[in-house]
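I am opening a fresh page for a structure that is new to me. My aim is to look up a few places one by one and to write down what I find at each.

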Amino acid sequence: MSSEEGAARAGPDRPLPEDYVAQRIKLEREARGWSTVTLSERMAEAGHPVNQAAIWRIESGKPRRRVNLDEAIGFCKVFDLDMDELTSPPGQIANAHVRKLIAEYVGHYKQHLAARKEMRRIQGQLQEYTDANPNQEDLVKGFLAHELAVASNGEFHRHFPPSKLISYLGEHVKDITPKD
């Protein structure tokens with residue numbers, strides 16, 4: 001490589017993925033609310049030390065400082081990214097990040113649906129019990145209302161309780177409502 005080619009690669013004509021790396025580092029750092037000093041400390045803890053001034057030059061320098069392979073591996077560790085994510089356009093990766101968050105959300109939603117189904121099953125069994133033992137109905141519903149109040153820390157009604165549960169509890173639902 002001639003010195004002219006080396007100068008061009010270090011300046012504005014360098015490969016696009018190098019710009020993506022710099023943009024991604026800044027995006028990830030800012031998304032976490034970290035200063036360049038904090039990122040420098042995290043990199044050192046990960047075994048890939050880079051000083052704060054170097055991080056600033058990578059993100060904002062004119063021309064930007066290049067990232068060597070050891071540093072790139074460190075940024076991947078610190079930000080929990082793979083190399084493809086670090087070197088891809090930040091907009092695409094942000095979408096991947098959003099997709100990951102959405103997948104997590106949908107996973108929790110599915111768990112929520114499964115839990116509601118299980119709660120309906122148990123509620124049906126409680127109903128069968130109280131139908132067979134009407135003298136225990138107030139005790140069972142009162143106990144359930146008390147436990148829900150404790151579990152929800154007094155915020156039961158803020159969590160959109162199922163209408164069938166409200167109907168089942170009847171007058172005992174007032175026992176879940178926080179007292180002023």
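The entries below go through a helix, an arginine, some salt bridges and a surface patch.

**Entry 1: the model.** Before anything else I note that this is a predicted model, and I keep that in mind for each entry that follows.

**Entry 2: helix α4.** I began with helix α4, which covers residues 52-60, and looked up which of its residues are buried: Ala54, Ile55, Ile58 and Glu59. They cover an arc of only 130° around the axis, which places them on the same side of α4. When I asked what the buried residues of α4 pack against, I found three other helices listed, namely α2 (16-31), α3 (36-45) and α5 (69-79). I also looked at the N-terminal end of α4, where asparagine 51 acts as a cap, with a side-chain oxygen 3.1 Å from the backbone nitrogen of alanine 53.

**Entry 3: arginine 29.** Next I turned to arginine 29, which has its place in helix α2. Is arginine 29 buried or exposed? Its relative accessible area is 10%, and since buried means under 20%, arginine 29 counts as buried. Setting aside neighbours within four places in sequence, I listed the residues that arginine 29 contacts as Trp34, Ser35, Thr36, Leu39, Glu59 and Phe79; Glu59 is a residue I had already written down among the buried ones of α4. For tryptophan 34 I could add a detail, as its backbone oxygen lies 2.8 Å from a polar atom of the arginine 29 side chain. I also checked valine 78, which is 49 residues from arginine 29 in sequence, while the two C-alpha atoms are 9.7 Å apart in space.

**Entry 4: salt bridges.** How many salt bridges does the structure hold? I find nine, and I looked up several of them.

One of them joins arginine 66 to glutamate 18, with the closest N and O atoms 2.4 Å apart. Arginine 66 lies in the loop between α4 and α5 and glutamate 18 in helix α2, so this pair ties together parts that are 48 residues apart in sequence. Arginine 66 is partly exposed, at a relative accessible area of 33%.

Another pairs arginine 24 with glutamate 28, where the closest N and O atoms are 2.5 Å apart. Because they are four residues apart in helix α2, arginine 24 and glutamate 28 are separated by about one helical turn, and I noted that both are buried.

I then looked at glutamate 137 and lysine 141, a salt bridge whose closest N and O atoms are 2.5 Å apart. Both residues lie in helix α8 (residues 137-151), four residues apart, which is about one turn of the helix. Glutamate 137 counts as partly exposed at 27% relative accessibility, whereas lysine 141, at 9%, counts as buried. To close this entry I add that salt bridges with shared partners join Arg24, Glu28 and Arg32 into one network.

**Entry 5: a surface patch.** Last, I looked for nonpolar side chains on the surface and found a patch formed by Val98, Ile102, Tyr105, Val106, Tyr109 and Leu113, which together have about 590 Å² of accessible area. I looked up one of these, tyrosine 105, and found that it lies in helix α7 (residues 90-132). With 61% relative accessibility, tyrosine 105 counts as exposed.

How values were computed. Residues numbered from 1 in each chain as written. Predicted model: local features only at pLDDT ≥ 70, side-chain atom pairs only at ≥ 80, totals over all residues. Heavy atoms only, no water. Buried < 20%, exposed > 50% of the residue type's maximum accessible area, 1.4 Å probe, protein only. Helix = DSSP H or I, 4+ residues; strand = E, 2+ residues; numbered from the N terminus. Arc of directions from axis to C-beta. Contact = heavy atoms within 4.5 Å. Polar contact = N/O pair within 3.5 Å; in protein donor to acceptor, adjacent residues only side chain to side chain. Patch = residues over 30% accessible without salt bridge, like charges linked within 9 Å, V, L, I, M, F, W, Y side chains within 5 Å. Areas by Shrake-Rupley, 256 points an atom, 1.4 Å probe, with all protein chains shown as cover. Salt bridge = Lys/Arg side-chain N within 4 Å of Asp/Glu carboxyl O.
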